[in-house]
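Good morning. Please have a look at the sequence and the structure on the screen, and then I will go through a few parts.

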Amino acid sequence: MVGVMDLNERSREILRRVVETYLETGEPVGSRFLSRQLPLSLSAASIRNVMSDLEGLGLIFAPHTSAGRMPTEAGLRMFVDGLLEIGDLTEDERIAIERQVSGSHKSIEDVLDEASKLLSGLSHGAGFVVAPTYDAALKHLEFVPIDAERALVVIVTEGGAVENRVIEIPKGLTPSALAEATNYLNAQLRGRTLDEAKAHLARELETQKAELNELTAKVIEAGLATWSGSNSAAASNDPLGKSLIVRGRSRLLEDVHAVEDLERIRLLFDELENKRDLVQLLGLAEAADGVRIFIGSENKLFSLSGSSLIVSPYMDTQQRVVGVLGVIGPTRLNYARVIPMVDYTAKLVGRLIN
């Protein structure tokens, strides 16, 4: 495949302008327009010749007869890898991101939810976060009754992290049954990691269900499901306990100009709803030393809709990858703005959850 260094300076500049104009407007770019914009002293005819060469290389194409040119996925990839000038966030932008995502009273779930909302708002795409599986050992667990049908599950790890989840409880459950569930779980699970606790509890419930009050057993099972994230309305989950939080899907409809665009967005919505293996994003990003970009069909998860992903892992204090966040949107995302934003947000979230 042709590389950016295989192009001469004139071809690189024209490709850059075609892509940048397309990303800004979503429209095909014509030679007359470029002749007025380029710093090079070129006629429209000379620009057409260069554009013809770029088209022959598979970097741009004409969507309609007599139309201007738009970048292909290969052209976008060359632009992102070799021509894109990525800036940095301003200090005001960093402060604004920290103010929205962080907060002294926010749980880990709140931080991740705010991060996905932030990414959506700043990118005009859909922001997402793949939440981590926690390896910290459990120190204490407690069920706190809220009303006749709900209880608060409070989980404290040995590292001091606190998670609160509201669960539904069986009707007729007494405070003593909640206390029994609390005592049972603390005796069984203290010092175990979440994965160890789930495996151990599943075995124990099979052998000791007869000894437990039926309602108490239901509360324990409900609490176990809650820890894995399966009661979270904001998330889709995999069997390992990771969850996907997606915010801002409606923003993907704000810039739809044609029926084919609407169909592409509909396909993306279907993929977001139906792909339970979205946690593969963790595998896509965990080998990366920062932001990774997947354009159109390069990304098998969203190949039908031809969407782009800009993703970055976030890490714990031992520099282990614990989750992934990023932006999903049309291929004409503002890469120069979104890439540093995703990178900084990932570093911030890694710092906050630790």
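Which residues does Ser 11 touch, not counting residues up to four places away in sequence? Ser 11 touches Val 50 and Leu 54. Before I go on, please keep in mind that this is a predicted model. Ser 11 itself belongs to helix 1, which covers residues 9–25. Is Ser 11 buried or exposed? Its relative accessible area is 10%, and the cut-off for buried is under 20%, so Ser 11 counts as buried.

Now the whole protein. The protein has 12 helices and 11 strands. It has 354 residues, and 48% of them count as buried. About 17,400 Å² of the protein is exposed, and carbon and sulfur atoms supply 49% of that area. There is also a figure for contacts. If we take the contacts in the protein with a separation of 6 or more, residues 24 or more positions apart account for 58% of them.

Next, one sheet. In what order do its 3 strands come? The order is 4-5-6, in an open sheet with antiparallel pairing. Strand 4 (138–145) and strand 6 (162–168) are the edge strands, and each of them pairs on one side only. On average, neighbouring strands in this sheet are turned by 20 degrees against each other, with direction ignored.

Look at the pair formed by strand 4 and strand 5. Strand 5 spans residues 150–157, and 7 bridges join it to strand 4. These two strands run antiparallel. For a single position to find on the screen, take Leu 141, which stands opposite Ile 155 in strand 5.

A helix goes with this part of the sheet. Helix 7, made of residues 175–189, lies across strand 4 and strand 5. Its direction is at about 170 degrees to strand 4.

My last stop is Asp 289. Where is Asp 289 found? It sits in the loop between helix 11 (280–286) and strand 9 (292–294). Asp 289 has a relative accessible area of 81%, and exposed means over 50%, so this residue counts as exposed. There is one distance to add. Asp 289 and Ser 312 are 23 residues apart along the chain, and their C-alpha atoms are separated by 8.5 Å.

To close, put the two single residues side by side. Ser 11 is buried, at 10%, whereas Asp 289 is exposed, at 81%. That is the end of my part.

Key:
Residues are numbered from 1 along each chain as its sequence is written. This is a predicted model: local features need pLDDT of at least 70, side-chain atom pairs count only at pLDDT 80 or more; totals for chains, interfaces and linings use all residues. Side-chain values use heavy atoms; hydrogens and water are left out. Two strands pair if DSSP finds at least two bridges between them. Helices (H or I, at least four residues) and strands (E, at least two) are DSSP runs, numbered from the N terminus. Axes are lines fitted to C-alpha atoms, for helices over the stretch in contact, and angles run from 0 to 180 degrees between N-to-C directions. Contact means heavy atoms within 4.5 Å. Buried means under 20% relative accessible area, exposed over 50%, partly exposed in between (1.4 Å probe, protein chains only). Accessible areas come from the Shrake-Rupley method with a 1.4 Å probe; for residues, only the protein chains shown count as cover.
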